[in-house]
Amino acid sequence: QNMLEELLIHKPDDPIQYMIDHLKQNNDDAPRICVLGPPASGKTTVAMWLCKHLDAIRISQETLLLQERLVLTKEAKAYKERKEKIPNALWANLIQERLSNVDCIKQGWILEGFPENQEQAWMLQSSGIIPRHVVVLYAPDTVLIERNSGKRLDPLTEEVYHTTFDWPSDPLVQQRLVKPEDLSEQEMSRKLLEYHRNFPGIFQLYQKVLKSINADQPSMDVLSQVLTYVQTQHRSAAPFTPRILFCGPPGSGKSLQAALIAQKYGVVNICCGQLLKEAVADKTKLGELVKPYIDNGYPVPDNLVMKILAKRLNALDCVTNGWVLYGFPRDIEQGEQLQKSHIIPNSNRDIVYIKNQFMESYRSLWTLCR
């Protein structure tokens with residue numbers, strides 16, 4: 001899907017070679033995130049934290065003006081020195097030039113505070129720069145004005161602190177903190193008014209990939225919500241056959257959840273234990289082999305279970321409608337056999353929240369299935 005999007009945007013003269021080059025980059029999972037919001041909403045803090053957590057490259061207006069190797073940086077700096085507004089087209093071209101570098105292509109990028117208006121967003125989109133996730137921070141204007149008055153900047157690391165909410169514990173950091181420019185309440189009010197005027201146009205363009213997060217709460221709560229969102233995958237419009245695996249200790253609710261999923265989405269509900277009993281009752285060849293083990297209360301060998309399970313999951317109703325499976329695998333060896341048989345779920349749920357003592361025994365299996 002990502003490759004198709006790139007083909008439609010760039011329309012290369014040699015589409016085959018373009019697709020080969022795209023696959024060689026192996027960066028479809030690299031983050032492409034925009035962090036937006038009004039002044040003092042915490043964009044810089046969120047963007048820097050995401051970069052550390054996702055190993056992505058942070059791109060902001062400040063970092064772009066520090067990139068001396070970029071061709072357009074000098075032109076942008078000239079506007080800045082003349083205290084003139086840098087044109088939207090120049091910002092868009094500067095961002096496009098920066099994102100075309102190898103580090104951004106491989107590691108992904110976090111675009112902080114940009115686009116600021118719909119025109120900039122259209123320019124980015126026309127250049128093929130389309131974020132997968134757009135995070136918009138919001139808070140009451142009174143809260144933002146109060147935050148802005150206590151904001152402090154570390155010129156060495158560019159990290160943002162606050163005299164009330166986020167004061168550093170290191171005395172050396174405290175000594176080098178400085179007040180950012182444009183801290184007056186009148187300037188802050190002007191910027192907020194401009195933001196509220198421009199935001200509806202941005203929302204209209206990015207609404208399918210946009211999530212608003214309340215910034216007026218503890219910073220760790222904000223960061224947790226942001227991280228949860230940017231790690232989600234948006235639903236594709238392509239045809240999708242669900243293959244769902246439930247794992248968990250006895251009594252955790254696997255059978256109930258599987259039944260509810262099967263009923264709601266019309267997928268085939270498969271219990272491994274019930275499947276073995278049905279094979280015995282139907283007196284199939286595999287059922288005859290399984291019967292002695294069940295009658296004597298012995299575990300059925302994994303190879304027999306896999307043969308019965310593979311036959312059922314490859315049946316027409318499972319292939320057409322999808323399936324939800326529970327009761328197998330029960331350990332990492334069975335999970336490996338499931339993968340070797342090319343039975344790979346596209347969704348897994350680990351229901352281990354009821355009894356903590358089962359957590360460790362299921363963690364390796366959950367990691368494998370994931």
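Two strands count as paired here if DSSP finds at least two bridges between them. Keep in mind that this is a predicted model.

Q: Which residue of β3 stands opposite Ile 33?
A: Start with the two strands: β1 covers residues 32-36 and β3 covers residues 109-112. They run in the parallel sense and share four bridges, which clears the cut-off because pairing asks for at least two. Within this pair, the partner facing Ile 33 is Ile 110.

Q: Which strands are the edge strands of the open sheet of five strands?
A: Let's walk across the sheet, whose pairing is parallel, in the order β2-β3-β1-β4-β7. An edge strand pairs on one side only. That description fits β2 (57-59) and β7 (210-214).

Q: What angle does the direction of helix α12 make with that of β4?
A: Helix α12, residues 219-230, packs on this sheet. It touches β1, β4 (133-138) and β7. Its direction and that of β4 make an angle of about 160°.

Q: Where does helix α11 bend?
A: Helix α11 spans residues 185-206, and its end-to-end C-alpha reach of 30 Å is close to the expected 32 Å. Even so, there is a bend of about 35° in α11, with Pro 200 following within four residues. The bend is at Asn 198.

Q: Which residue of β10 stands opposite Leu 245?
A: Leu 245 belongs to the stretch 243-247, strand β8, where four of the five residues are buried. Strand β8 runs parallel to β10 (residues 323-326), joined by four bridges. Opposite Leu 245 you will find Leu 325.

Methods:
Residues numbered from 1 in each chain as written. Predicted model: local features only at pLDDT ≥ 70, side-chain atom pairs only at ≥ 80, totals over all residues. Heavy atoms only, no water. Contact = heavy atoms within 4.5 Å. Axes fitted to C-alpha atoms, helices over the stretch in contact; angles between N-to-C directions. Buried < 20%, exposed > 50% of the residue type's maximum accessible area, 1.4 Å probe, protein only. Expected span 1.5 Å × (residues − 1). Bend = angle between axes of the 7 residues up to and from the residue.
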